[in-house]
Amino acid sequence: MTSCSNEAVNETSTHTSISVKLSSSSELYSGVYLDVKDVQIQIDEDASNSKSWMSLGALNSGVYDFSDMNDGAELILVQDMVIPVSHVYSVKLVLGDDNAMVMNNILYAIDTPEATNKESVNTVDRSLQANKSYEFTLDFEVDKSIQMNGMDVILTPKMNTEMRLYELF
């Protein structure tokens, strides 16, 4: 027979678990390769303060073909990460510079001219509760995120976020 101390109970009651998955779809492009760097959550109301954002350390960072994530396919970015209970104002997908797309068998570099264009931020505005598991699914809207201007391709990320809550015990 095992038992928990009061310290162990109090310790688990101040934390929650979070997972993040990425889904996408594209009907216009045969290949959209985006450089996933990180997933972050905003835990302070002032988004301009760098300490407001907590990195969740994407498990699967790297370049992925977002057009391959059709028909329910998902990429796991964060799995069951234990974090302190907090209010989450927003979730952010951080992209790098190694982005390209294929259209009509031609490979185009995707330009991200400003740092803010590399970040897709969605409002969540939910308080996370202790001893729960939260799953966020980031649905990246590829066709709405890519703007073509002649031979120039510009990325302005558009994304929807779905949150599910699971009871741990």
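Phe 66 is buried in this predicted model. Its relative accessible area is 0%. Phe 140 also counts as buried, at 1% relative accessibility. Both values fall under the 20% cut-off, so both residues are classed as buried.

The rings of Phe 66 and Phe 140 form an aromatic pair. One such pair is present in the structure. A pair of aromatic rings is described by the distance of the centres and the angle of the planes. Here the centres lie 5.2 Å apart. The planes stand at 80 degrees to each other, and the pair is edge-to-face. An angle over 60 degrees is needed for that class, so the 80 degrees between these planes meets it. Phe 66 lies in the loop between strand E4 (62-65) and E5, whereas Phe 140 belongs to strand E10. The pair therefore ties together parts that are 74 residues apart in sequence.

The loop between E4 and E5 also contains Ser 67. At 9% relative accessibility, Ser 67 counts as buried. Its side chain makes a polar contact of 2.5 Å with the side chain of Asp 65. Leaving aside residues up to four places away in sequence, Ser 67 touches Ser 26, Tyr 29, Ser 30, Gly 31 and Val 32.

Strand E10 is part of an open sheet of four strands. The order is E5-E1-E10-E13, and the pairing is mixed. Strands E5 (75-84) and E13 (159-167) stand at the edges. Each has a single partner strand, so one side of each is left without a neighbour in the sheet. From one strand to the next, the twist averages 20 degrees. E10 spans residues 132-141 and pairs with E13 in the antiparallel sense. Nine bridges join E10 and E13. Within E10, Tyr 134 stands opposite Leu 165 of E13.

Strand E1 (residues 15-25) contains Ser 19. Ser 19 is buried, with a relative accessible area of 9%. Residues up to four places away in sequence are again left out of its contacts. Ser 19 touches Val 78, Gln 79 and Asp 80, among others. Its contacts also include Tyr 134, Glu 135 and Phe 136. Tyr 134 thus appears twice in this account, because Ser 19 touches it within the 4.5 Å contact limit and Leu 165 stands opposite it.

A second set of pairings involves strand E8 (residues 106-111). E8 pairs with strand E7 (residues 100-103) in the antiparallel sense, over four bridges. Val 102 stands opposite Leu 107 in E8. E7 and E8 form a hairpin with two residues between the strands. In this hairpin, Asn 104 takes a positive phi near 55 degrees. E8 also pairs with strand E12 (residues 152-155), here in the parallel sense. Two bridges join E8 and E12. Asp 111 stands opposite Ile 154 in E12.

A further contact involves a charge and a ring. The charged end of Lys 92 sits over the ring of Trp 53. The distance to the ring centre is 3.9 Å.

For the chain overall, two helices and 13 strands are assigned. The chain has 169 residues, of which 43% count as buried. Contacts were also sorted by separation in sequence. Among those between residues at least 6 apart, 77% join residues at least 24 apart.

Definitions and conventions: Residues are numbered from 1 along each chain as its sequence is written. This is a predicted model: local features need pLDDT of at least 70, side-chain atom pairs count only at pLDDT 80 or more; totals for chains, interfaces and linings use all residues. Side-chain values use heavy atoms; hydrogens and water are left out. Two strands pair if DSSP finds at least two bridges between them. Axes are lines fitted to C-alpha atoms, for helices over the stretch in contact, and angles run from 0 to 180 degrees between N-to-C directions. Rings of Phe, Tyr and Trp (its six-membered ring) pair if their centres lie within 6.5 Å; planes under 30 degrees apart count as stacked, over 60 as edge-to-face and the rest as tilted. Buried means under 20% relative accessible area, exposed over 50%, partly exposed in between (1.4 Å probe, protein chains only). A charge sits over a ring if NZ of Lys or CZ of Arg is within 6 Å of the ring centre and within 35 degrees of the ring normal. A polar contact is a pair of N or O atoms within 3.5 Å; within protein, one must be able to donate a hydrogen and the other to accept it, and residues adjacent in sequence count only if both atoms are side-chain atoms.
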